[in-house]
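Biologist: Please take a close look at the part where the two chains meet, down to the helices that cross there.

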Amino acid sequence: MASAGEGRGVALRRTGFSVKRQTGFGVIAWLCFFMLYLPILTLVLFSFNADQSMAVWGGFSFRWYESAWHNQTVQDASLRSLQIAFIAAILATVAATMAALATTRGRAFRGEQAAYAMINTPLIVPEIVTATALLIFFASIKVSTGYTGLGYLIAAHTAFCIPFAYLPIRARLESMDLTLETAAGDLYATPWQAFRRITLPLLWPGIIAGLMLAFVISLDDVVITELVKSGGQDTLPTYMLGQLRRIVTPEINAISTVFLLLSVVIVTLFFLLSRQRS
Amino acid sequence: MASARDFAESAERQDVRRRWALLSPALVIIFFAAVGPLFIMLVYSFLQKGDYGGVRWAFSTDGWFSVFFQRDIFDDTLSFADAHISILWRSVRLSLMTTLFTFLLGFPTAYFIATRPEKSRDIWLFLITIPFWTNLLIRTFAMQEVIRNEGVINTALLWLGIVDQPIQIMYTDKAILFGMLYVYLPLMVLPLYASLEKLDFRLVEAAYDLYATRFQVLRRVIMPLVKPGIIAGSILVFIPSLGAYVTPRVLGGGKNLMLGNLIELQFGQGRNWPLGAALSMTLLALVMVALLIYARQAQSRSLRHG
C-alpha cells in the first residue's frame, strides 16, 4: 500500500503535479505572516526614533528607553506587575499541580467532571464579565474590611492563571509512564516517597512550563486589573492603557519593546521545554 | 471475603478523599475569585441602583428592563433602547465578521504550514504563536501605528500616489475589525492547523484520481475532514471578540463602543451597577449560547461516526 502510494507520488512529482498544492494559499499565508509582523516591527522601529514624532524617522537613538527607565511611574508599575505575576504564577502553579495530580491518577470518581469544568471556567467566561463581577464582590469586601492592598489583584490573577498552568502540567502527567511509579510502590516506597523521588522529577518540565505560562498570562492582563485595582495600583499594562488616551510619545514604544522581548524570551523557553519529550 | 471487599472500599474512599483534598486549593481560589462573584452579580442585576454607583438593597427589574427598553423622561412612553441595541448588534456583527475574515486568512495559512516539510513546521507554528503570547494591548497599539492617518498604510498609499488624502480608519468600526482580526488570528490558525496536520492526503490523492478539480477537492474532501478544527477555531475567535474591551477602546474611539465597553461604562461614569450587571449577564448568556451550539455540533458528529 505505502510503497504503491509513494510510487505514484514520484510519478506525480515528475509531471509537476502536487496533491498538496492549492492555488493562492501560499500567497495568502505569506500575507498573513507579513500582516502579523508588520505592526510589531513598526512599533519596535519607532522606539529607536530620535524624534518625538511617531511618523517621521529622525535618526537612531536610545533616548526613549532612557526616559522610560527614569520615569518613576513606569518603574513603580513595572515592579508591581512583576510582583503580582510572580506571586500569582507560583500560587496558581502549586494549586494547578495538585489539581492535575488529582485528576490524572487512579480511577475516575464522582464529581471529577464537575471539578474539571470548574477549573476551566475562567477560560470560557469573558474577561470583562469576570472583571465586573470581581469589582462588585471586592467593593463590598473593601467596604466591610477596609483592606485595599494588592491582595485582591493577586487573588484575581491566581484564579485566572490556574487553568493555564493546569494545561501543560496535566498534559505532561498524562504522557508519563506509570510503570516507574508502580515499581516504586512495589518496592515499598510510601506514596509521598514515590511522588517525591519519581513523579516530581519527571513532572518538573511540565511544572516549569505551567509556571511560565501563568506568569505571561498574569503579566499580560489588562481588563481584570483595570477594573479590580484600587487607586495607585497601576500595573504596566493598565498604565499604558491610560497613556494611550493622551498624546503618545515613542516612550510607549520603548516600554512595549522591552515587554515584547520579555514575552518572546519566556515563550521561546516554553516552546523548547514543551518540545522535550518525556 | 467481605472484609477484603470492605478493605478495598475503604481504600477507594480514602483515595477519593485525598484527591478532593488535592483539588481543593484550585477549586477554592477559582470559586472565590472567579466563579462565585458571578452569582453575586446576578443578584446585583435585580437591585436598585445607588445614587453614586453601588446599589440599594431593594428588588427591582430596572437593570434588566433598561438593557432593551428606555422610558421617555417627559411623557413616560416606552421605546427600545436604541443605543444599547445598536451596540449589541455592532458587537455581534463585528465578531461574526472577525470570525469570517480570520477564517479566510487563517485557513490558507494553516494549510500552508501543514504542508511544509515536517522539520520546518515547528518554526512556522512558532511564528504564529509568538504574536499570540505577546500582550494584547501592545498588539492593539501596534495596529494603531499601522492604520493611523500618519501610519504605515496611509504613508505608503500617499507616497505611491494612490490617494491624495489619508484614509480615515482610526476611530471607525473598520479599525475595530482590523484590530480584532489582527489580535485573534492565531486563535483561528492553531486549531485549524491541528486538524489539517492529521489530514490523510491519500484521500486527496484519491479525489484527484477521480478527476476532481482543486477547488472540488478543497470543498468536498478537505473542508469536511477538518470541520472540527473550523468549528473550534470559530468559537475561539468569536467568544473573545464578543467580549472585546481593549481593542474597541483603543481603536474605536468615543462612539464606536462594543458590549464590553458599555458594561465598563456602567461601573464607571454611568454609575448604573444593576444595568452593568444585567449587561454582563447578557454577554455571558450569548457566550453560553455559542458554546451550546458548539457542543451540539461536536456531539452530533461523534454520534454519526459512532
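Modeller: What follows goes from the whole interface to two helix pairs, and then to the domains of one chain.

This is a predicted model, in which local features need pLDDT of at least 70 and side-chain atom pairs count only at pLDDT 80 or more, while totals for chains, interfaces and linings use all residues. Residues are numbered from 1 along each chain as its sequence is written, and chains are lettered from A and ligands numbered from 1 in the order in which they are written.

Between the chains, 70 residues of chain A are in contact with 69 residues of chain B; contact requires C-beta atoms, placed from the backbone, within 7 Å. On the chain B side, helix 1 (residues 2-44) gives the most, with 18 residues. Helices here are DSSP runs (H or I, at least four residues), numbered from the N terminus. The side of chain B that touches chain A divides into 52 nonpolar, 9 polar and 8 charged residues. Nonpolar covers Ala, Val, Leu, Ile, Met, Phe, Trp, Tyr, Cys and Pro, charged covers Asp, Glu, Lys and Arg, and the others, Gly among them, are polar.

Two packed helices are described by the angle between their axes and the distance between the axes. In one pair, helix 2 (residues 25-47) of chain A and helix 5 (residues 136-147) of chain B have axes that come within 8 Å and cross at roughly 85 degrees. Axes are lines fitted to C-alpha atoms over the stretch in contact, with angles from 0 to 180 degrees between N-to-C directions. Helix 2 of chain A and helix 5 of chain B are therefore roughly perpendicular (65 to 115 degrees). Residues that meet here include A:Leu38, A:Leu43 and A:Phe46 from helix 2 of chain A, and B:Phe141, B:Met143 and B:Glu145 from helix 5 of chain B. By class, this contact has 9 nonpolar, 1 polar and 1 charged residues.

In another pair, the axes of helix 12 (residues 250-275) of chain A and helix 4 (residues 118-133) of chain B come within 10 Å and cross at roughly 135 degrees, which makes the two helices oblique. A:Ser263, A:Val264, A:Val267 and A:Phe271 in helix 12 of chain A meet B:Phe126, B:Thr129, B:Ile130 and B:Trp133 in helix 4 of chain B. That contact has 6 nonpolar, 2 polar and no charged residues.

Within chain A, the domain assignment (automatic or from a database) gives domain 1 (22-61) and domain 2 (73-275). Their centres, taken over C-alpha atoms, are separated by 31 Å.

Notes:
Two residues are in contact if their C-beta atoms, placed from the backbone, lie within 7 Å. Angles under 35 degrees count as roughly parallel, over 145 as roughly antiparallel, 65 to 115 as roughly perpendicular and the rest as oblique.
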